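Trainee: I should be grateful for a close look at one part of this model, set against the chain as a whole.

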Amino acid sequence: MVTSLIDGFTDFRNDFFGQDKAFFKRLIRRGQHPKIMIISCSDSRVDPAILFGTRPGELFVIRNVANLVPPYQPDDQYHGISAAIEFGVRDLGVEDIVILGHAYCGGVNALCEHARGEAAEDREFITPWIKIALPALDELRGSDPKFENIKAVEQHSIMNSLDNLRTFPWLAEREKQGSLALHGWWFDMDSGALWCHSPPDRSFTQMIPSVSE
Ligand SMILES: [Zn+2]
């Protein structure tokens, strides 16, 4: 099964690396200085480097189930996502953070299943993880406990993660100073459109239109 990866790497070696050896030498010599952090889903269909046409060194990428950001919680637990956020913000000094959500997110769907009491009972890590986005679902449900528009939950979950990013004090400080900007984007796999969170409203607007049929 990994043969396609070996083939792919061989192509990369020949066409990208081999054509511009100085490019990686520069990245090694100067180190990495990405200006943008992207927090996206692990979903195999939503690869930030492919979606945004970036080159090595341009994006600091954090991927996890449902592109979630946990709240600031400094303790002795294993906080992989928070560690990556800390490194990107405090050590690399990224200037923008994009939370990239997407349509048909399995993680968000699992959250809705959990809320309906239909989550797979033998999942040891997924349910506690996706519950990070429970406030987003609660916000939408309001007085209608049956509300379940998955796309709306996906978008509200992005806003919930933006809220959680701001609980990291050194991150919030940089945003306040104007040296860091936060963005929430949602990729519509149906139409090819890209939507963005447009504060102060708790809503999304289309930034890049759909591909016409
Ligand atoms: Zn997803």
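Trainee: What radius of gyration does the chain have, and what would a compact globule with 213 residues have? Please then describe the surroundings of I130.

Mentor: The model is predicted, so local features need pLDDT of at least 70 and side-chain atom pairs count only at pLDDT 80 or more, while totals for chains, interfaces and linings use all residues. Residues are numbered from 1 along each chain as its sequence is written.

The chain has a radius of gyration of 19 Å, which agrees with the value near 17 Å for a compact globule with 213 residues (taken over C-alpha atoms; the rule is 2.2 Å times the number of residues to the power 0.38). Along the principal axes, the C-alpha atoms fill a box of roughly 60 × 45 × 40 Å. The chain contains nine helices and six strands (DSSP runs, H or I of at least four residues and E of at least two, numbered from the N terminus).

I130 lies in helix α6, which covers residues 126–130. I130 counts as buried because it has 26 C-beta neighbours inside 10 Å (buried is 20 or more, exposed 12 or fewer, partly exposed in between, with C-beta atoms placed from the backbone). Of the 213 residues of the chain, 27% count as buried.

Leaving aside residues up to four places away in sequence, I130 touches V65, A66, G107, A110, L111 and H114 (C-beta atoms, placed from the backbone, within 7 Å). Across the chain, among contacts between residues at least 6 apart in sequence, 61% join residues at least 24 apart. C196 is 66 residues from I130 along the chain, and their C-alpha atoms are separated by 22 Å.

Terms used
Contact = placed C-beta atoms within 7 Å.
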